[in-house]
Amino acid sequence: MSHHLFLLSPSDTPLYSLTHYSSKPSQSTSSPLASNLPSWSTSAFAGTLTALSGASSASQTQHGQGGTVKIGGGQDRHVIQMIANASLDAIEEVMRKESVMYLKSVDKFNEWTVSAFVTPGNMKFVLLHESRNDDGIKAFFNDVWELYVKTMLNPFHTAHTPIRSPVFDARVRASAKKHL
Amino acid sequence: MATTSKQYKAIGEDLWKGRTEKINAELFALTYGALVVQLVQDYEDYAEVNKQLEKMGYNIGTRLIEDFLARSGLGRCADFREVGEVVAKVGFKSFLNITPTVTHGALPPASSPTRSSMPPPPANAPGTSFTLQFDENPLAEFVELPEEALEGGLWFSNVLCGVIRGALEMVQMQVQATFVSDVLRGDETTEIRVTLVKYLEEEVPVGDD
């Protein structure tokens, strides 16, 4: 079960991304559509078919054969990013209505849910995940927020530039392991 | 010696508590950080930045010592060993509210260079040194040095070395203060070594006389 985290600046520039493979068991719901596809269709074209035939959004995710979700080589990076980008509109809509920081799940695709967290400085943390884990995700977002604030306080870090600090990376991974 | 050390600690504590104007630690750290980053951008050479920080510290130190002596009312130190104690327990405590650990060094040329468990060497000879080990550094909160700074050899808190050098020079001691290690650079500890070069002979009255 994997999670994809993206930190976006107020101008929607990606500043940090992380893929985390959780070892925790989860109920993964397999999409019936994907298992109906012939086994040779692993191309992006097949994915588009899935999306057009069933999903309500234009983005899709690739499924391995037999309904099990394949991670790593089987899932395209740009697919994930497309999902994340598509959810930005939904995030902004919710932001206009309420002004809480943790927006639970703003968007849902085949089996990917997008949760978002908007900081007071208009940074968006977008998390793509498969299972429900509201408390864990909320705790994780709060941790990431704290780590982000500490990074911003580093005089050598320029605001709204990609975060490359290995310390930040290590801590976010540790937090992901703890909460997700 | 132990009693005097406790007394110094008490003096330092009192001085810190007695200060009416204190500054927010985050503001202080952010200001210093901005200063260092600006110097790095201006000079583009980390060795030069180190030198400039030390120079700035020197100017601060020469003025700071007057404030320190006026408030603490301490007299002349008997030997360099005592200088180390006062700097660590009273000086740093009253200005930064930190107490670095002092380790006194042995005289290099004469006896063996081991540090601990040795009878105290003649503590006034040039070459005597003490090392200050910092558990915490209020200047470097939140700081992470980037790759180039690590490679270029930047000592982030080098201003402290300058302050020590400037202050001690105003009380007739010419010293050399340098960083030995820094946790920001990935070392285990943050340490400054202060070595006595010589006593200055000019008779300038210290404190009020």
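Chain B and chain A bury about 850 Å² between them, and carbon and sulfur atoms give 73% of this area; buried area here is the accessible area (1.4 Å probe) that two parts lose on being put together, summed over both. On the side of chain B, 61% of the area buried against chain A comes from B:V37, B:F142 and B:E144, more than from any other three residues. The model is a predicted one, in which local features need pLDDT of at least 70 and side-chain atom pairs count only at pLDDT 80 or more, while totals for chains, interfaces and linings use all residues. Residues are numbered from 1 along each chain as its sequence is written, chains are lettered from A in the order in which they are written, and side-chain values use heavy atoms, with hydrogens and water left out.

The contact (heavy atoms within 4.5 Å) takes seven residues from chain A and 13 residues from chain B. No salt bridge (a side-chain nitrogen of Lys or Arg within 4 Å of a carboxyl oxygen of Asp or Glu) is found across this interface, where the count is zero. Two residue pairs, both at pLDDT 80 or more, are in polar contact across the interface of chain B and chain A; such a contact is a pair of N or O atoms within 3.5 Å, where within protein one must be able to donate a hydrogen and the other to accept it, and residues adjacent in sequence count only if both atoms are side-chain atoms.

Over all chains, the salt bridges come to eleven. In one of them, the side chains of A:D134 and A:R132 meet at 3.0 Å, N to O. A:D134 counts as partly exposed because its relative accessibility is 24%, whereas A:R132, at 67%, counts as exposed; the classes are buried under 20% relative accessible area, exposed over 50%, and partly exposed in between (1.4 Å probe, protein chains only). In chain B, the side chains of B:E13 and B:K17 form a salt bridge at 2.9 Å, N to O.

Rings add a further set of features. A:Y102, A:F117, A:F125, A:F140, A:F141, A:W145 and A:Y148 make up one aromatic cluster. In chain B, charges sit over rings (NZ of Lys or CZ of Arg within 6 Å of the ring centre and within 35 degrees of the ring normal): B:R185 lies over the face of B:W155, 3.8 Å from the ring centre, and B:K22 lies over the face of B:W16, at 5.0 Å.

Terms used. Phe/Tyr/Trp six-rings, centres within 6.5 Å; stacked < 30°, edge-to-face > 60°.
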